[in-house]
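Work through the exercises below with the model open. Each task is followed by its solution.

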Amino acid sequence: MTTVFVHDDDKTQTVHCSDGTQGVMQISNADSAPKYDFRFYGHTHPSFFLNADQYHSGIELTVADVLDTEKFQLKFV
């Protein structure tokens, strides 16, 4: 499982992962509810997004990619 470290605010930011990789979390406000879109540099991990009700520290999720399935956990710092 890869832990994604995120600042607990509603700003686009660089995120750091427990395996030393990085990515970006971008926030969009579609239909006035924020959507948190995670993308990782160099395609080291599959991209995923969370809705506002899913965005909290400790959430664990499984992301299916074309070649593999990966587990993530969010941790607010």
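Buried means under 20% relative accessible area, exposed over 50%, and partly exposed in between (1.4 Å probe, protein chains only). The model is predicted: local features need pLDDT of at least 70, side-chain atom pairs count only at pLDDT 80 or more, and totals for chains, interfaces and linings use all residues. Residues are numbered from 1 along each chain as its sequence is written, and side-chain values use heavy atoms, with hydrogens and water left out.

**Exercise 1.** Find which side chains meet in a salt bridge (a side-chain nitrogen of Lys or Arg within 4 Å of a carboxyl oxygen of Asp or Glu), and classify their exposure.

Solution.
- Step 1: Searching the whole structure gives 1 salt bridge.
- Step 2: Aspartate 37 and arginine 39 form it, at 3.1 Å from N to O.
- Step 3: Aspartate 37 has 15% relative accessibility and therefore counts as buried.
- Step 4: Arginine 39, at 43%, is partly exposed.

**Exercise 2.** Describe the surroundings of strand β1. Strands (E, at least two residues) are DSSP runs, numbered from the N terminus; two strands pair if DSSP finds at least two bridges between them.

Solution.
- Step 1: Strand β1 covers residues 2-6, and 4 of its 5 residues are buried, so the rest of the structure largely encloses it.
- Step 2: With β7 (residues 69-76), β1 pairs in the parallel sense over 5 bridges; here phenylalanine 5 stands opposite lysine 75.
- Step 3: With β2 (residues 13-17), β1 pairs in the antiparallel sense over 2 bridges; here phenylalanine 5 stands opposite histidine 16.
- Step 4: The connection from β1 to β2 is a hairpin through 6 residues.

**Exercise 3.** Analyse the aromatic pairs. Rings of Phe, Tyr and Trp (its six-membered ring) pair if their centres lie within 6.5 Å; planes under 30 degrees apart count as stacked, over 60 as edge-to-face and the rest as tilted.

Solution.
- Step 1: The count is 6 aromatic pairs.
- Step 2: Phenylalanine 40 and phenylalanine 48 have ring centres 6.1 Å apart and planes at 35°, so this pair is tilted.
- Step 3: Phenylalanine 40 is buried at 6% relative accessible area, and phenylalanine 48 is buried at 7%.
- Step 4: Tyrosine 55 and phenylalanine 76 also make a tilted pair, with 5.0 Å between centres and 45° between planes.
- Step 5: Tyrosine 55 lies in the loop between β5 and β6 (60-64) and phenylalanine 76 in β7, so their pair ties together parts 21 residues apart in sequence.
- Step 6: Ring pairs link Phe38, Phe40, Phe48 and Phe72 into a cluster.

Conventions. Helices (H or I, at least four residues) and strands (E, at least two) are DSSP runs, numbered from the N terminus.
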